[in-house]
Amino acid sequence: MSDTLLTPFSFVQVALPVPMRTLFDYRIPKAIALRHKLLPGMRVKVPFGHSVRLGIIVNLTNTSQWDEQQIKPITSLHDEQAVMAADILALGQWASRYYHHPIGEVLFHALPVLLRKGEKPEYRTESWWVLTEKGQTYDPNIFGRAVRQREFFDAIKEHPYGLNASLIKSLGLNTSNAKALVEKQLIEKVQRRFDQQPELVQEIISKETQLQLNDEQNQALSAITHYLNQFHVALIDGITGSGKTEVYLQLIEKVIRTGKQVLVLVPEIGLTPQTLTRFNKRFNEKVVALHSNMNDRDRLDAWLMAKSGQADIIIGTRSAIFVPYQSLGLIVIDEEHDASYKQQEGFRYHARDLAIIRAKAAQIPVVLGSATPCFETLMNAWQKKYQWLKLRQRAGAAQLPAMIRVDLRNESLFYGFSQTTLQTIQTTLDRQEQVLIFLNRRGYAPTLMCQQCGWIASCEHCDVNLTVHKRANKLHCHHCDKHKALVYTCPECHSDKLTTIGEGTEQIEMQLSQVFTDTPIIRIDRDSTQRKSTLDKMAQQIHQHDRAILIGTQMLAKGHHFPNVTLVVIMNADSGLFSADYRGMEKTAQLIMQVAGRAGRASKKGSVLLQTYHPNNTAIETLCEQNYQAFAAQELRERQRLAWPPFTHQVIIRTESRDEQEAYTLLHQVRQLAEQDGHEEIDLIGPYAAIIVKKAGHHRYVLSLKSSQRATLHQLTETLTHWLETNTHSHKIRFAIDVDPLETY
Ligand code: ADP
Ligand code: ZN
Ligand code: ZN
């Protein structure tokens with residue numbers, strides 16, 4: 001019968017990875033409909049323009065809003081099963097609407113790179129050499145003088161799973177010796193799938209026991225345990241070292257015991273080998289990492305492990321929120337305030353917010369943890385939308401450091417240090433303890449100037465000064481990454497009276513090594529830790545010394561614990577005070593508290609010196625005399641008074657173009673359109689220039705839309721986005737929609 005179509009639909013709506021906010025309709029050829037059951041989430045190849053492209057089926061229908069005769073047929077079906085699970089498809093569709101981002105780009109972003117490129121969702125296989133039956137009983141003495149063959153043979157005997165290329169290499173053997181053994185039929189080559197690799201099959205035997213929780217931890221754990229089978233958001237608001245991670249671990253254990261999987265999101269920089277080791281030591285279950293430093297093949301394998309249910313725990317950065325699971329039971333978001341959860345370009349989503357949407361759909365709990373929760377989260381906790389669990393004591397013997405303001409007014413500074421600070425560093429080192437110096441500025445100095453004519457070295461492509469890097473002998477733009485050789489004479493007046501202004505970590509390192517000659521000084525920033533493993537090596541190095549000085553940027557604020565650090569120096573506590581961005585102080589306070597949290601984590605009490613020209617500023621005073629929570633309460637009242645987020649909602653629209661006028665004019669038109677729309681409850685600001693107007697040759701402008709009504713704001717954004725999409729024909733100009741922006745300049 002001709003009726004027995006496996007796919008009883010005429011059309012598919014397909015998402016394509018193109019910057020258009022629409023799905024594309026294609027006809028299902030009868031030949032395909034007869035033999036295949038098409039489903040949402042499968043990939044298809046379709047004609048698009050002059051080429052054939054890979055797309056994802058989103059819907060199947062029997063009608064189309066287009067002229068049905070004109071609709072082209074799909075070229076071929078790419079999958080026999082959906083590669084995109086229904087819940088991820090739904091999450092992607094939600095995100096596309098909420099963030100006003102093209103659906104095709106969102107859905108493709110949600111897939112591992114190899115699947116975007118059309119590869120099959122299959123594990124990689126690898127060659128292994130194993131003993132044959134004959135080989136198992138073979139007497140190795142028969143090898144006689146064939147020493148190399150014997151070596152290889154012995155090695156295989158010692159490895160019950162056999163040898164693969166990397167093992168062969170690490171044992172100093174050579175695959176050419178395998179050949180002779182294969183010919184003798186003593187060994188054979190087999191193909192093993194990635195998920196059947198010995199290191200993944202082997203049980204981790206040394207399972208560490210759980211710690212005995214203190215009262216606060218216990219309360220937090222049992223409070224969340226109560227909600228394990230439903231949608232629920234809990235905030236563990238706990239100071240650094242209060243044992244948040246221990247609470248996650250015990251909670252995860254409970255969830256895994258019920259046969260479910262757990263997703264742990266960590267900041268970009270937080271996924272250190274230490275983090276993984278901590279999980280691996282605790283659980284026999286399979287723990288799989290997923291982060292942006294892995295290659296595409298490893299990422300696909302990790303993705304498959306999650307999807308198939310073979311991985312019990314996935315620890316991942318931002319994009320892991322789109323990984324499909326067999327049966328997800330819990331999402332944990334560590335350091336939930338961290339800015340790396342928000343993608344700052346292209347598809348600008350926030351992984352924490354998507355996690356909450358996902359958990360709601362799946363009816364599972366989410367646990368947010370931080371010592372410095374972001375204001376959005378705190379407000380939700382205050383309003384009792386989130387369960388608020390507080391850990392105010394440090395676990396074990398550690399004590400909280402004292403926060404001390406160092407008044408810089410009327411002081412003559414030594415390379416940015418006050419006398420008080422230098423003396424405190426000395427006494428700390430004298431006690432054989434360590435000092436951590438925080439300065440969020442790498443390089444030698446932020447400015448190079450001619451004392452004769454006032455010339456300043458600036459970037460040709462950006463509106464910023466070039467940073468001096470003395471050791472590399474370079475002038476470097478930290479915004480577009482261009483660099484050139486350091487100059488010693490002024491290009492304008494040819495004078496050699498060039499001087500640097502201000503200090504970066506490189507300079508501090510050099511100056512302090514003159515003063516504290518007998519103390520190891522270790523600098524940790526992006527320049528000194530080019531390779532990923534270096535940071536861990538440096539951390540080890542630090543543990544080996546008693547007295548030492550660590551100098552670093554915000555790389556220091558996360559991940560690593562330095563038990564012998566008892567003094568933290570914040571070189572410039574004022575950096576957020578005069579920020580044009582209303583989040584400036586929130587971000588600075590979080591950073592200060594995170595860095596401060598590195599001090600005195602073991603049994604020694606630490607202190608934190610905040611160098612400031614504004615010791616009586618209420619924000620700084622509250623942070624030092626009380627705590628982050630009091631500071632946040634105070635700042636939030638101010639945000640409320642000024643009707644800024646989280647008390648209102650914000651969307652910003654950015655344009656950028658090589659032509660400054662064009663970037664401005666387009667936004668100006670958008671503003672006029674918004675005004676015509678006549679929503680009184682929407683507050684428009686701009687267009688205004690971004691703080692760095694010109695970056696990498698592009699001029700950047702911003703229009704801010706803010707409202708207490710999310711729905712109205714959303715509607716207007718949709719209208720404006722539609723207008724922008726249909727009216728920006730020029731390839732020279734780009735626009736971006738940023739919903740719930742973290743950076744507003
Ligand atoms: P956080 O994640 O809040 O920074 P951690 O969970 O890393 O804190 O705990 C800080 C330190 O205290 C770790 O060394 C941890 O092993 C230890 N710790 C945590 N909970 C306890 C406990 N209940 N008893 C003893 N030590 C604990
Ligand atoms: Zn000059
Ligand atoms: Zn530049």
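In the predicted model, the zinc ion (ligand 3) is held by the protein donors C459 (SG), C462 (SG), C477 (SG) and C480 (SG), which lie 2.2 to 2.3 Å from the ion. Donors are N, O and S atoms within 2.8 Å of the metal (3.2 Å for Na, K and Ca), and water is not among the atoms, so sites may look incomplete. The angles among the four donor atoms of ligand 3 are 107 to 112°, and the site is tetrahedral, a term used for four donors if all angles lie between 85 and 135 degrees. Ideal angles for four tetrahedral donors are 109.5 degrees. Along the sequence, the donor residues of ligand 3 are spaced C-x2-C-x14-C-x2-C. C477 and C480 are both buried (under 20% relative accessible area, 1.4 Å probe, protein chains only).

Residues are numbered from 1 along each chain as its sequence is written, with chains lettered from A and ligands numbered from 1 in the order in which they are written. Local features need pLDDT of at least 70, side-chain atom pairs count only at pLDDT 80 or more, and totals for chains, interfaces and linings use all residues, while side-chain values use heavy atoms, with hydrogens and water left out.

The zinc ion (ligand 2) has the protein donors C450 (SG), C453 (SG), C490 (SG) and C493 (SG), lying 2.3 Å from the ion. This site is also tetrahedral, with angles of 105 to 113° among the four donor atoms. The donor spacing for ligand 2 is C-x2-C-x36-C-x2-C. Because C450 lies in strand β18 (residues 447-450) and C490 in the loop between β21 (483-485) and β22 (498-501), the pair ties together parts that are 40 residues apart in sequence. (Strands are DSSP runs of E, at least two residues, and helices runs of H or I, at least four, numbered from the N terminus.) C450 is buried, at a relative accessible area of 1%, and C490 is buried at 0%.

Ligand 1 is surrounded by 17 residues, of which Q212, Q217, G241, K244 and T245 come nearest (a residue is near if one of its heavy atoms lies within 4 Å). A nitrogen atom of ligand 1 is 2.8 Å from a side-chain N or O atom of Q217. Oxygen atoms of ligand 1 lie 2.9 Å from a polar backbone atom of G241 and 2.9 Å from an N or O atom in the side chain of R278. Taken alone, ligand 1 exposes 560 Å², of which the protein buries 73% (Shrake-Rupley method, 1.4 Å probe). Helix α11 (residues 244-257) supplies the largest share of the shell, three residues.

Definitions and conventions
Polar contact = N/O pair within 3.5 Å; in protein donor to acceptor, adjacent residues only side chain to side chain. Tetrahedral: all angles 85-135°; square planar, octahedral: opposite > 155°, others 65-115°. Buried < 20%, exposed > 50% of the residue type's maximum accessible area, 1.4 Å probe, protein only.
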